[in-house]
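Morning, everyone. I'll take you through some helix packing, the cysteines and a few single residues. Here is the structure.

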Amino acid sequence: MSQTITYKQAITMAMADAMEEDERVLLFGEDVAVAGGAFKLSEGLLERFGPRRVRDTPISEQAIIGTAIGSALSGLRPIAEIMFADFAGVCFDGIANEMAKYRYMTGGQVTMPATIRLGNGAGTGFAAQHSQAVENWFLNVPGLKIVVPGTPADAYGLLRSAIRDPDPVLFFEHKHLFGTKGEVEDAPALVEIGRAEVVRPGTDVTLVATQLMRLRAVAAAEALSAEGISVEVIDPRSLVPLDVATIGESLDRTNHLVVAQESSHDGSWGATLVARLMATHFESLDSPPLLVGGDDTPIPYAGPLEELWIPSVDRIADGVRRTLAYGHPA
Amino acid sequence: MSTKPPATGVAADIPLEEQLDWLRSMQEIRFFEEECHRLFARGLVRGSTHLAQGQEAVNVGACRALRVTDTMACTYRGHAAVLAKGAPLDRAFGEILGKAEGLCGGKGGSMHLTDMSVGAIGSFAIIGAHLPIVLGTALTEQYEGRDGVSLCFFGDGSTNIGAFHEALNMASIWKLPVVYVCENNLYGEYSPLATTTPIERLADRAASYGMPGVTIDGNDIGVVHETIASAVARARAGEGPTLVEALTYRHKGHSRSDPAAYRPEGELEAWMERDPIVLHERALIEAGVEQSRCEAIRTQAEADVTAALERAMSWAEPSPESRLEHVFA
């Protein structure tokens, strides 16, 4: 039997099931216990699992990340919530210098099964300091796994996998997707970290997108099918590890690559993916890869301005058209 | 907030045999760091190295108040603390020399000595980074209903970084079994404390976090041991964290590139008279230990350090492939 749940419910359910399964799993963060989370993602968990396992912290991101590191290396499986992913700036040292490198710098003496959940992404009018695609900040820090679910099923399945994972996982929850619905089994499946999903098969162009952009990429693909363009939409679902093989295999068939991302270009996962595929699949390409992303500006507040910043369905569809038109001027 | 009476250098309620072992440990650490100094001069230590000569009583006195299963985190000036917690001399040398058999397989070096098998969970080179991390090791003990304690060494400079505030605050509200030990050696890198910090007694900061704060003579190993033992007992009993400020002095500069020219004339000499090893030895002899016994301990410590270094020097370099290991489990 299957059921329809929201992205938000999937996250709550995954935490509850993980805590049910493993006594070592606990959750802490700002207002996650009594208030049930700023985004209500941990609603009911305090009542169900008690204050030992569901804990409110002060507004102290460095302390939250430090607690995650120390408890993970000493045998627990902490889930730490950073309310808005942008606050990772406050505890960047803990994540990038300590958590990511701990195992390596100690020659493998330590395992670090910590899951950090971060509220990510734009589209909800929170302005420049509460809307960024923060997953990109950590791409150049070896030692972190980076997970970016776009559907309720993936949010559930990947969060369960993240909590079981022996390594630190940054789990980015897109704020604009909390209310989106999707089908999952009554006992939803775990999703392996590092496996891309071919969301929509196609033959003419490979379109890669995550989270909110995945939804818009599918909408663009549907619009383009009316024009006779067959788009293959792929969601990597995790950026580290990145399933380049699945995307490369698609590219070998379609010979065109478009990436839609909610980020400006430099230092982004899309730019990284393009660079990698240029190096390994150059011969497959019939056109230059195209990155459809945000402007090189902070994210603006006003609704119309923010909507211009985030790639729209039309902008993504137009990118696909331009890519396919390369070498065939109208 | 008390300043303890002047040095006695010996602990009234601890058997002398055990205190002789404190002396052995301090002597080993002193010789170990003198060798590090020479190895650096010979170009065998990469990057930099930060010596703690003169501060041994804080590290040894505190670690001897812990169980092996208790955890200890320290700074990049951490050779002494990690050895005091029980790490082997040869593998510590091996790490500093970047050898495969070093404590961390040559991936950490002087600033990151770690030996999880003895509870030395890390040496941290970002000032203050470990103060929040010990919240987690302490939380695990509390969570599992065990009575282990996490001890955290840091310097006076760390009390001015934000992580100090976040960590002590949360340790206190969660009543975590942590003992925060500030090794106040009067200088944050090259800057005298008075130029960076508007108060004289760093233990006063404990009041902001509702925890006890005590300032002690960090060169008197008896006082250090007694103070830490009582803070550890308090933590084990579930009564929460304590901040201990141990006044001490590093004989060398901040790092190997620092001749410490900023120190006022006579300051080093005055502190050398209060060298923790000298104080402890003198007190042991006054308590009835034969001088020859102390000398034998010194000679043995030197020989053990020399032998450990010889072993470490003979070890292989890490294999090229090892650089790719341990990014993920």
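**Helix packing and selected residues**

Let's start between the chains. Helix α3 of chain A, residues 61-73, packs against helix α5 of chain B, residues 130-143, at an angle of about 50°, and the axes are 6 Å apart. Keep in mind that this is a predicted model. At that angle, α3(A) and α5(B) are oblique to each other. The crossing of α3(A) past α5(B) is right-handed.

Who makes the contact? On the α3(A) side you have Q62(A), A63(A), G66(A), T67(A), I69(A), G70(A), S71(A) and L73(A). Facing them from α5(B) are P132(B), I133(B), L135(B), G136(B), T137(B), L139(B) and T140(B). By class, that contact of α3(A) with α5(B) has seven nonpolar residues, eight polar and no charged ones.

Stay with α3(A). What else in chain B does its axis come within 8 Å of? Helix α6 of chain B, residues 162-173, and the two axes cross at roughly 70°. That makes α3(A) and α6(B) roughly perpendicular to each other. Again α3(A) passes in a right-handed crossing, here past α6(B).

From α3(A), the residues in this contact are E61(A), Q62(A), A63(A) and T67(A). From α6(B), they are G162(B), A163(B), E166(B) and M170(B). The classes here are three nonpolar, three polar and two charged. Note the overlap: Q62(A), A63(A) and T67(A) meet α6(B), and these residues are also on the list for α5(B).

Now a pair inside chain B. Helix α1(B), residues 16-41, packs with helix α11(B), residues 291-314. The angle is about 45°, with the axes 8 Å apart. So α1(B) and α11(B) are oblique to each other. Their crossing is right-handed.

The contact list runs as follows. α1(B) brings E17(B), L20(B), L23(B), R24(B), Q27(B), E28(B), F31(B), F32(B), E35(B) and L39(B). α11(B) brings R293(B), C294(B), I297(B), R298(B), A301(B), E302(B), D304(B), V305(B), T306(B), L309(B) and M313(B). By class, the contact of α1(B) with α11(B) has 11 nonpolar, two polar and eight charged residues.

One more helix in chain B. How many of the eight residues of α2(B), residues 56-63, are buried? Eight of the eight, so α2(B) is largely enclosed by the rest of the structure. Those residues are E56(B), A57(B), V58(B), N59(B), V60(B), G61(B), A62(B) and C63(B).

That last one leads to the cysteines. The disulfide count is zero over all chains, taking sulfur pairs within 2.5 Å. Why is C74(B) not bonded to C63(B)? The sulfur of C63(B) is the closest cysteine sulfur to that of C74(B), but it is 8.2 Å away, too far for a bond. C74(B) has 1% relative accessibility and counts as buried. C152(B) is in no disulfide either, and its nearest cysteine sulfur, that of C74(B), is 8.8 Å away. C152(B) has a relative accessible area of 0%, so it is buried.

Last, three single residues.

First up, L212(A). L212(A) lies in helix α7 of chain A, residues 211-225. At 5% relative accessibility, L212(A) is buried. Beyond four places in sequence, L212(A) touches A122(A), H174(A), H176(A), L177(A), E262(A) and I310(A). Its C-alpha is 8.7 Å from that of Q261(A), 49 residues apart along the chain.

Next, S158(B). S158(B) sits in the loop between β3, 150-155, and α6 of chain B. Buried or exposed, S158(B)? Buried, with a relative accessible area of 4%. Setting aside neighbours within four places in sequence, S158(B) is in contact with I127(B), G128(B) and F164(B).

Finally, S230(A). S230(A) is in a loop too, between α7 and β11, 231-235, of chain A. S230(A) is partly exposed, with a relative accessible area of 23%. Leaving out residues up to four places away, S230(A) touches G202(A), T203(A), D204(A) and V205(A). And R48(A)? S230(A) and R48(A) are 182 residues apart in sequence and 48 Å apart in space, C-alpha to C-alpha.

That's my tour. Over to you.

Key: Residues numbered from 1 in each chain as written. Chains lettered and ligands numbered in written order. Predicted model: local features only at pLDDT ≥ 70, side-chain atom pairs only at ≥ 80, totals over all residues. Heavy atoms only, no water. Axes fitted to C-alpha atoms, helices over the stretch in contact; angles between N-to-C directions. Helix = DSSP H or I, 4+ residues; strand = E, 2+ residues; numbered from the N terminus. Parallel < 35°, antiparallel > 145°, perpendicular 65-115°, else oblique. Left-handed = near helix turned anticlockwise from the far one by under 90°. Contact = heavy atoms within 4.5 Å. Nonpolar A, V, L, I, M, F, W, Y, C, P; charged D, E, K, R; others polar. Buried < 20%, exposed > 50% of the residue type's maximum accessible area, 1.4 Å probe, protein only.
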